[in-house]
Amino acid sequence: MLKPSRTSIAAAIERTALLFAGALACASAVSGANPPVPDGGDQPVRIALGVSKEPVSVSSTGSWNVYNRNSEHLLFRARPDDRVTVSQRSGRLVAARQGRGSSSAQSGPLVIRTTTPGSFVTFGGKRYRGELLINATDSGILVVNRLSVESYLRGVVPLEIGNRQAGEEAAVEAQAVAARSYSYIHMAEAEGRSFDMYATVQDQVYGGVDAEKPIADAAIASTKGMVLRYAGQIVNTPYHSTCGGSTAEVQEVWWREPNQPYLQRVSDRIPGSDKFYCDPSPRFRWTVAFDRAQLRATLEKYLSQYSSAPAGGLGSITAIRIDGRTPSDRVASMTVETSRGSYTVRGNDVRFVLRPQGATILNSTYFTAQSSAGPSGEVENLTLNGGGYGHGIGMCQWGAIGRARAGQDYRTILTTYYPGTTVSRID
């Protein structure tokens with residue numbers, strides 16, 4: 001099943017989260033028996049919050065308990081003002097309360113669970129519903145938040161669609177259903193792992209209790225249990241900030257992945273006008289410029305990661321050529337000509353090669369390029385005039401906002417961006 005990286009409005013840009021993801025790749029093999037999640041009646045989900053070589057600190061806003069493996073193995077009870085530091089010793093975990101002693105080394109996972117109604121566990125300065133699971137891994141100490149799916153969505157939807165206003169509720173409801181469908185797909189794929197999803201744009205941005213907003217809570221409640229299906233099956237639902245005028249099919253961007261029948265090109269043009277539903281987006285149109293030094297720096301650093309270019313010196317950069325455009329007018333591939341060779345980059349990989357100074361990734365592959373060369377034949381500057389923000393596949397979030405403002409309901413928004421799908425309950 002397709003598992004893309006996606007962009008979101010609040011997350012700013014699509015990032016690879018390489019250090020975090022690389023460490024968790026090793027951690028994902030660790031598993032353990034967990035107690036029932038004390039957070040709700042729907043299916044629990046496990047969200048990887050972080051992994052650390054150093055000891056981690058956890059606490060709670062109320063009274064709480066620390067267990068080893070499950071609720072039958074109580075290590076100690078903690079007060080609201082207690083802070084527990086968990087360290088790793090020879091592949092086992094030790095939990096210590098300041099001034100109150102430490103546990104013996106435990107195999108884990110340790111379970112951090114509140115006992116005061118309405119209180120939350122805390123980690124990394126953030127509050128979380130449900131409980132924390134702490135595992136010892138080869139990469140360090142892995143901290144996972146285990147909670148109900150609906151509670152998880154409360155910390156996701158506002159960060160993905162932004163804090164919307166009255167009149168935009170349908171966009172928030174569409175986001176809730178898309179995020180829920182994405183969650184159930186990736187939970188099913190996570191069998192045998194100790195977590196289901198990352199708390200970053202590697203999956204869906206998740207901020208816990210502090211990210212929750214009333215309009216998102218209402219949207220999640222009004223669409224409770226609703227998912228998107230194609231041919232009766234729950235589908236993966238990639239989404240992005242701004243399509244720039246048209247969404248894309250899978251192979252236009254993620255060229256290594258097969259097309260999907262419900263991920264087709266969809267025009268975002270408002271009928272009977274030259275306007276688009278997503279044109280209120282701050283990145284509906286944009287310009288990025290590179291001078292010779294900036295272009296050399298980004299190509300020297302990234303081109304070898306996404307093409308056959310050798311690591312190290314590229315020689316003089318003599319041309320940047322767009323080799324073709326996709327049906328939605330995105331860049332199909334780009335060739336970099338140098339004095340040492342010619343190197344081609346395809347689809348979404350272009351965004352990871354032409355990274356603007358200070359940015360993690362180029363806004364989109366929907367752009368045109370103009371360059372000029374100096375007397376030596378080397379490219380002196382490169383200007384990209386583009387539109388959109390993100391990969392362009394599936395739901396356009398700013399388009400959904402524009403459609404909601406125009407009076408479309410969330411079902412119409414979803415079935416427009418995911419043609420052939422239906423909205424129905426998970427059960």
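Y206 is a buried residue, with a relative accessibility of 4%; buried here stands for under 20% relative accessible area, exposed for over 50% and partly exposed for anything in between, using a 1.4 Å probe and protein chains only. The model is a predicted one, so local features are taken at pLDDT of at least 70 and side-chain atom pairs at pLDDT 80 or more, while totals for chains, interfaces and linings use all residues. Residues are numbered from 1 along each chain as its sequence is written, and side-chain values rest on heavy atoms, with hydrogens and water left out.

Y206 has an aromatic partner. Rings of Phe, Tyr and Trp (the six-membered ring for Trp) make a pair if their centres lie within 6.5 Å, and the pair is stacked with planes under 30 degrees apart, edge-to-face over 60 and tilted for the rest. That rule gives 6 aromatic pairs. In one of them, Y128 and Y206 sit 5.8 Å apart, centre to centre, with 40° between the planes, which makes the pair tilted. Y128 belongs to strand β10 (residues 126-128), and Y206 to the loop between β13 (197-198) and α5 (214-222), so this pair ties together distant parts of the chain, 78 residues apart. Helices (H or I, at least four residues) and strands (E, at least two) are DSSP runs, numbered from the N terminus. Y128 is buried too, at 5% relative accessibility. Add Y152, and Y128, Y152 and Y206 make up one aromatic cluster.

Y152 and Y206 turn up again in the largest nonpolar core. A nonpolar core is a set of buried Ala, Val, Leu, Ile, Met, Phe, Trp, Tyr and Cys residues joined through side-chain atoms within 4.5 Å. This one holds 78 residues, and the members touching the most others are I47, L49, Y152, Y206, M395, L414 and Y418. Helix α4 (residues 169-189) supplies the largest share, 12 residues. A second core, separate from it, has 23 residues, including W286, F290, Y343 and V345. Such grouping fits a general pattern: in soluble globular proteins, nonpolar side chains tend to be buried together.

Back to I47. Contact means heavy atoms within 4.5 Å, and with neighbours within four places in sequence set aside, I47 is in contact with V143, V144, N145, L147, Y152, M197, Y198, A199 and Y206.

Next comes the sheet. Two strands pair if DSSP finds at least two bridges between them. An open sheet of 7 strands runs in the order β4-β3-β8-β11-β12-β1-β13, with mixed pairing. At its edges are β4 (74-78) and β13, each pairing on one side only. Strand β1 (residues 44-52) pairs with β13 in the parallel sense over 2 bridges, and A48 has Y198 in β13 as its bridge partner.

Charged side chains come next. A salt bridge puts a side-chain nitrogen of Lys or Arg within 4 Å of a carboxyl oxygen of Asp or Glu, and the whole structure has 23 of them. R129 and E212 form one, with the closest N and O atoms 2.8 Å apart. R129 lies in the loop between β10 and β11 (131-137) and E212 in the loop between β13 and α5, 83 residues apart, so this is another link between distant parts of the chain. R129 is buried at 18% relative accessibility, and E212 is buried at 15%. R79 and D82 meet at 3.8 Å, N to O; here R79 is partly exposed at 44%, whereas D82 is buried at 8%. Elsewhere, R292, R296, E300, E378 and E380 are linked in a salt-bridge network.

R164 does double duty. Its side chain meets that of E168 in a salt bridge of 3.0 Å, N to O, with R164 buried at 12% and E168 buried at 5%. The charged end of R164 also sits over the ring of W398, 5.1 Å from its centre; for this, NZ of Lys or CZ of Arg must be within 6 Å of the ring centre and within 35 degrees of the ring normal. R285 is placed likewise over the ring of F284, 4.0 Å from its centre.

W398 is one of the buried residues of α9. In this helix (residues 397-405), 8 of the 9 residues are buried, so α9 is largely enclosed by the rest of the structure. Its cover includes α3 (157-161), α4, β16 (239-240), β23 (395-396) and α10 (410-417). Just after α9, G407 takes a positive phi of about 100°.
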